[in-house]
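This report introduces a protein structure to a reader who has not met it before. Please keep the sequence and the three-dimensional view at hand while reading.

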Amino acid sequence: MFVFKAAVVGAGVMGGEIAQVIAAADIPVVLKDVDQRFVDTGLQKAREVTDGAAAKLVTKGKLTHEEGDAQVARILGNITGTTSYEGFGDVDFVIEAVPEKMEIKHQVFADLDAVTPGHAVLATNTSGLSITEIADATQRPDKVVGFHFFWPASFMRLIEVIEGDDTSPETLQAATTFAQQIRKMPIRAAECPGFVV
């Protein structure tokens with residue numbers, strides 16, 4: 001499965017960086033949170049990372065100032081901030097990056113199950129909660145997978161792709177391919193305390 005549009009739920013610093021990584025791979029991404037100030041924080045983080053990366057390339061002579069500005073505009077133009085699920089009807093891959101509380105994750109996954117197309121992969125950035133238990137909040141546990149970024153997401157290349165009890169081989173492959181699409185190094189992990197790293 002090729003991802004044409006993605007979404008990130010949870011626009012904290014981590015969510016903002018994850019959205020930036022996706023946008024930098026030229027994939028449109030929706031960045032959602034419950035309050036506009038959180039969305040603004042995530043968008044600001046994405047801008048800081050994008051500005052910093054472009055400035056390095058300009059300093060090294062790999063881009064002109066104009067090309068750097070154009071790159072920043074292109075990447076940030078791929079990110080849409082929102083406080084609603086309105087733009088989720090055509091996403092292919094969603095990454096949840098909300099606080100590490102099962103009840104919050106269950107609510108988010110129940111919402112995502114209702115608002116995303118049936119083919120969409122629902123991924124969690126959890127660093128230790130049960131993928132299987134998170135998937136229980138959906139009608140498609142086969143489409144739920146762990147997709148754990150390391151901090152800072154814009155710099156660290158590794159992503160743990162974690163299989164829940166019901167995660168299908170197709171979902172695992174889709175998540176692995178998406179990690180490569182956004183220029184990351186996927187490592188597969190079974191569901192166990194702490195995963196791989």
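The following sections describe helices, salt bridges, backbone features and a charged surface patch. The structure is a predicted model.

**Helix α1 and its surroundings**

Helix α1 covers residues 13–24 and has 12 residues. From its first C-alpha to its last it reaches 16 Å, close to the 16 Å expected at 1.5 Å a residue. Is this helix enclosed by the rest of the structure or open to the outside? Of the 12 residues of α1, 10 are buried, so the helix is largely enclosed by the rest of the structure. Among these buried residues are Met14, Gly15, Gly16, Ile18 and Val21. Glu17, a charged residue, also belongs to the buried set of α1.

Ala23 is another of the buried residues in α1. The C-alpha atom of Ala23 is separated by 6.3 Å from that of Ile79, although the two residues are 56 apart along the chain. Ile79 lies in strand β3, which spans residues 79–82. With a relative accessible area of 10%, Ile79 is buried, because buried means under 20%.

**Salt bridges**

In general, side chains of opposite charge can pair when their charged atoms come close. A search of the whole structure finds 8 salt bridges. Three of them are set out below, each with the distance between nitrogen and oxygen.

| Salt bridge | N to O distance |
|---|---|
| Glu17 and Lys45 | 3.7 Å |
| Arg74 and Asp26 | 2.3 Å |
| Arg37 and Asp35 | 3.7 Å |

The closest N and O atoms of the salt bridge between Glu17 and Lys45 are 3.7 Å apart. Glu17 lies in helix α1 and Lys45 in helix α2, which covers residues 36–59, so the pair ties together parts that are 28 residues apart in sequence. Both Glu17 and Lys45 are buried. These two residues are also linked with Glu48 in a network of salt bridges.

The side chains of Arg74 and Asp26 meet in a salt bridge with an N to O distance of 2.3 Å. This pair links distant parts of the chain, 48 residues apart: Arg74 is in helix α3 (residues 65–77), and Asp26 is in the loop between α1 and β2 (29–32). Arg74 is partly exposed, with a relative accessible area of 38%. Asp26 is likewise partly exposed, its relative accessible area being 44%.

In the pair of Arg37 and Asp35, how accessible is Arg37? Arg37 has a relative accessible area of 54% and is therefore exposed, since exposed means over 50%. Asp35 counts as partly exposed, at 30% relative accessibility.

**Helix α6**

Helix α6 comprises residues 169–181. At 1.5 Å a residue, the 13 residues of α6 should span 18 Å, and the end C-alpha atoms are indeed 18 Å apart. Buried residues of α6 include Thr171, Leu172, Ala174, Ala175 and Phe178. Glu170, by contrast, is found in α6 but is exposed, with a relative accessible area of 57%.

**Backbone features**

Which residue that is not a glycine has a positive phi just after α6? That residue is Arg183, with a phi of about 65°. Arg183 lies in the loop between α6 and β8 (185–190).

Helix α1 is also followed by a residue of positive phi, namely Asp26, with a value near 65°. Asp26 takes this positive phi although it is not a glycine. As the salt-bridge partner of Arg74, Asp26 thus appears in two of the descriptions given here.

A further backbone feature is the peptide bond from Trp151 to Pro152, which is cis, with omega near -5°. Pro152 is found in the loop between β6 (144–149) and β7 (158–163).

**A patch of negative charge**

Where do acidic residues gather on the surface? Glu133, Asp136, Asp142, Glu163, Asp165, Asp166 and Glu170 gather there in a patch of negative charge. Glu170 connects this patch with helix α6, in which Glu170 is found. The exposure of Glu170, at 57% relative accessible area, accords with a place on the surface.

Methods. Residues numbered from 1 in each chain as written. Predicted model: local features only at pLDDT ≥ 70, side-chain atom pairs only at ≥ 80, totals over all residues. Heavy atoms only, no water. Patch = residues over 30% accessible without salt bridge, like charges linked within 9 Å, V, L, I, M, F, W, Y side chains within 5 Å. Areas by Shrake-Rupley, 256 points an atom, 1.4 Å probe, with all protein chains shown as cover. Salt bridge = Lys/Arg side-chain N within 4 Å of Asp/Glu carboxyl O. Charge placed at Lys NZ, Arg CZ, Asp CG, Glu CD. Helix = DSSP H or I, 4+ residues; strand = E, 2+ residues; numbered from the N terminus. Buried < 20%, exposed > 50% of the residue type's maximum accessible area, 1.4 Å probe, protein only. Expected span 1.5 Å × (residues − 1).
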